[in-house]
Amino acid sequence: MQLQLQHTVAGLALLAPGALALLRFSCSQLVVERLDPLVTPGVTGSPHVHQIIGGNSFRPSMDPGSLDIPTASTCTTCTFADDFSNYWEQTAILYFQARNGTFKRVPQKPNVGFEAAKGGMTVYYTPVLSGQGKVTAFKPGFRMIVGNPVNRAASDVPRQLTFTCLKDPYTRDGETKDFPKQPCPAGIMVNVRFPTCWDGVTLDPPDHQSHVAYPSSGTFESNGPCPASHPVKIPQLFYEVIFDTTPFNDKSLWPADGSQPFVWSFGDKSGLGNHGDYVFGWKGDALQKAMDSNCNINCPALKSQSIQQGNQCTVPDIVGEDIDGWLTELPGGMPVDK
Ligand SMILES: *[C@@H]1O[C@H](CO)[C@@H](O)[C@H](O)[C@H]1NC(C)=O
């Protein structure tokens, strides 16, 4: 299945100058461990391993009633230093399964030009097309999840959750909903685009999903309208995560039955359980200002820091288990699909 989406900076440059502005920035890795304050709050040792980026107020429990994220964070791994959001990208941890059944975590790498520690991710916030009305930035307490780790049917996966098999670091075409079937010479990029329409009221429903929706027709890129149930346009939040699969590209290491060898940390061999989580935590109205100013890539209105400074921001791994050796099972004992 091949999907075509215009999301790259190069792609955007093809539009009329000034037609679309966006924030695009690097966030290095804060920690990789089994914590998930959205789905299993307070539990140290959530079912599967995630990569976390963002502010250092990340902890097992992030109850919005008792934690003000921008105040609680003293540093962030993102280059826009006003951004103390915590994002954690549950799609972000990939394992290679060897012929002998053992697992090895696939390393990550940053986009070209972003020397983010241990890969991290590239984050985009894109407002609506200029001249087509304003976008409403997320409010304090806003959280959302896109995708679902239990999905195993392509029809259940939104078209905005995809993989790109990188022929080189700049490949941006040929997106698929499932894992690439052949070795990818420059690694596998995971693309997570969140819904862009909000009900205007609910900050974080119990399912973390029903308050947001994709456009009712067309796409975000074509400025499709929001459904009546979710009338408020919000910025398009988009994560790119690159897995450096090149150490595992030798086909003699791949399963003898011709299938591909990568598995998500939650045991999914199809890739269709791709998902991402977002916890809003920008300071004050910094994100709204950035969206209103239509700054493009660089945003002088925002406080920023160097990638190297962002790399200094970390939190201790409080789960403290081996996630990097040759493992006989996935961390947490996650069963792998048959
Ligand atoms: C399993 O295979 C991997 C990759 O070939 C190898 O590095 C590892 O040592 C093997 N483990 C065992 C227990 O044979």
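Start with the aromatic cluster in this predicted model: F25, F80, Y125, F138, F142, F194, W198, Y239, Y278, F280 and W282 come together as one group. Across the structure, the count of aromatic pairs comes to 23. One of them is F25 with Y125, which is a stacked pair, with 6.1 Å from centre to centre and 10 degrees between the planes. F25 sits in strand β1 (residues 23-27) and Y125 in strand β8 (residues 121-126), so this pair ties together parts that are 100 residues apart in sequence. If you look for their surroundings, you'll find that F25 and Y125 are both buried.

Next, have a look at strand β11, which covers residues 188-193. How many of its residues are buried? Six of six, so to speak: the strand is mostly covered. Follow the side chains along β11 and you'll see I188, V190 and V192 pointing one way, while M189, N191 and R193 point the other way. Both sets are buried.

What does β11 pair with? One partner is strand β10 (residues 161-165), joined to β11 by five bridges and running antiparallel to it. To find your place in that pairing, look for L161, which stands opposite V192 of β11. Strand β15 (residues 236-243) also pairs with β11, in the antiparallel sense and over six bridges. Here M189 is the residue to pick out, as it stands opposite I242 in β15. Both V192 and M189 have turned up already: V192 points one way from β11 and M189 the other.

Now for another sheet. Three strands make up an open sheet in the order β13-β12-β14, with antiparallel pairing. At the edges are β13 (212-213) and β14 (232-233), each of which pairs on one side only. Strand β12 (residues 197-198) is joined to β14 by two bridges, and the two run antiparallel. You can spot one of the partners by finding C197, whose bridge partner in β14 is K233. Residue 198, at the end of β12, takes us back to the beginning, as W198 is a member of the aromatic cluster.

Last stop: the ligand. Which residues are around it? They are A98, N100, T102 and W326. Sorted by class, this shell has two nonpolar and two polar residues, and no charged ones. N100 deserves a click, with a polar side-chain atom 2.4 Å from an oxygen atom of the ligand. As for cover, the ligand on its own has 360 Å² of accessible area, and the protein covers 41% of that.

Conventions
Residues are numbered from 1 along each chain as its sequence is written. This is a predicted model: local features need pLDDT of at least 70, side-chain atom pairs count only at pLDDT 80 or more; totals for chains, interfaces and linings use all residues. Side-chain values use heavy atoms; hydrogens and water are left out. A residue is near a molecule or strand if one of its heavy atoms lies within 4 Å of it. A polar contact is a pair of N or O atoms within 3.5 Å; within protein, one must be able to donate a hydrogen and the other to accept it, and residues adjacent in sequence count only if both atoms are side-chain atoms. Accessible areas come from the Shrake-Rupley method with a 1.4 Å probe; for residues, only the protein chains shown count as cover. Ala, Val, Leu, Ile, Met, Phe, Trp, Tyr, Cys and Pro count as nonpolar, Asp, Glu, Lys and Arg as charged, and the others, Gly among them, as polar. Two strands pair if DSSP finds at least two bridges between them. Helices (H or I, at least four residues) and strands (E, at least two) are DSSP runs, numbered from the N terminus. Rings of Phe, Tyr and Trp (its six-membered ring) pair if their centres lie within 6.5 Å; planes under 30 degrees apart count as stacked, over 60 as edge-to-face and the rest as tilted. Buried means under 20% relative accessible area, exposed over 50%, partly exposed in between (1.4 Å probe, protein chains only).
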